[in-house]
Amino acid sequence: MHGFANPRRFLALARRLTPILVGVGLAASTAAILWGLIAVPPDRLMGETVRIIFIHVPTAWLGMAGWGTIAGASLAFIVWRHPLAALAARAAAVPGAVFTALCLVTGSIWGRPTWGTWWVWDGRLTSMLILLFLYLAYIALSQAVEREGASARLPAIFGLVGAVNIPIINRSVVWWNSLHQPPSITTGGSSIDGVFLWPMLIALIGFTCIFAACVLMNMRALLAQTQAEARLRRRAMEAEADA
């Protein structure tokens, strides 16, 4: 990864990968959603409402994966001082928060006809809501650090501490009695019928590519902003020296 610490090398790779990820992501997610809406039959128990699985599950996965990206980048920044790691963590925060919010919204829409209520304070839903609050706190903290010129270690430490919530989300339906269904995909296999599983996996791939493209675009924007600010400071110092 240190080979991409050079901004020019990273930008060259990001420029090539971004349109590919966007194209694959849009094609795969659109095809999977259309497949789920048109070709997939209603579920025996949940009926037509099961179709929301093709959006809800990928957004839930990316909500957690987004914080995993923040935690991994924060670890790389603290331990190896990777120069782009802090940018990667900041770039993943907003897309991760958006997917987490979409997960909560689609889950509520799914829960209303299934459970008879929009919201229940069970382990899975509550820990996912906490994840959204963690995202918002991280975004505010990283912006404050950037504005005040404080150490980037502060949001990095917060990113690592917040990662404790990820296994809680994952195991919440096992640890506590919950209205939420137990894990459908485990290391032992899947309890989801193939007619639902395959379009869901394709949607998962598509949404993941879109998330990766958003992170790369955010990193490019943050890097351009950093370079522009550095040039402005250098010109200001040169102007002061000439004066």
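This passage describes the packing of helices H4 and H6, the setting of Ser127, and two cysteines in a predicted model.

Helix H4 spans residues 123-148, and its partner here, helix H6, covers residues 165-175. The two pack with their axes 8 Å apart and at an angle of about 160 degrees. Because this angle is over 145 degrees, H4 runs roughly antiparallel to H6. The crossing of the pair is left-handed. On the H4 side, the contact is made by Gly123, Arg124, Ser127, Met128, Ile130, Leu131 and Leu134. Facing them, H6 contributes Asn165, Ile166, Ile168, Ile169, Asn170, Ser172 and Val173. Sorted by class, the residues of this contact comprise 8 nonpolar, 5 polar and 1 charged.

Ser127 offers a helpful view of this packing from a single position. The residue lies in H4 and takes part in the contact with H6. Leaving aside residues up to four places away in sequence, Ser127 touches Asn165, Ile168, Ile169 and Ser172, and these four residues belong to the H6 side of the contact. With a relative accessibility of 4%, Ser127 counts as buried, since the cut-off for that class is under 20%.

The cysteines Cys209 and Cys214 can be read with the same cut-off in mind. Cys209, at 14% relative accessibility, falls in the buried class. Cys214 has a relative accessibility of 26% and therefore counts as partly exposed. As for disulfides, a search of the whole structure returns 0.

Technical notes:
Residues numbered from 1 in each chain as written. Predicted model: local features only at pLDDT ≥ 70, side-chain atom pairs only at ≥ 80, totals over all residues. Heavy atoms only, no water. Disulfide = S-S within 2.5 Å. Buried < 20%, exposed > 50% of the residue type's maximum accessible area, 1.4 Å probe, protein only. Contact = heavy atoms within 4.5 Å. Axes fitted to C-alpha atoms, helices over the stretch in contact; angles between N-to-C directions. Parallel < 35°, antiparallel > 145°, perpendicular 65-115°, else oblique. Left-handed = near helix turned anticlockwise from the far one by under 90°. Nonpolar A, V, L, I, M, F, W, Y, C, P; charged D, E, K, R; others polar.
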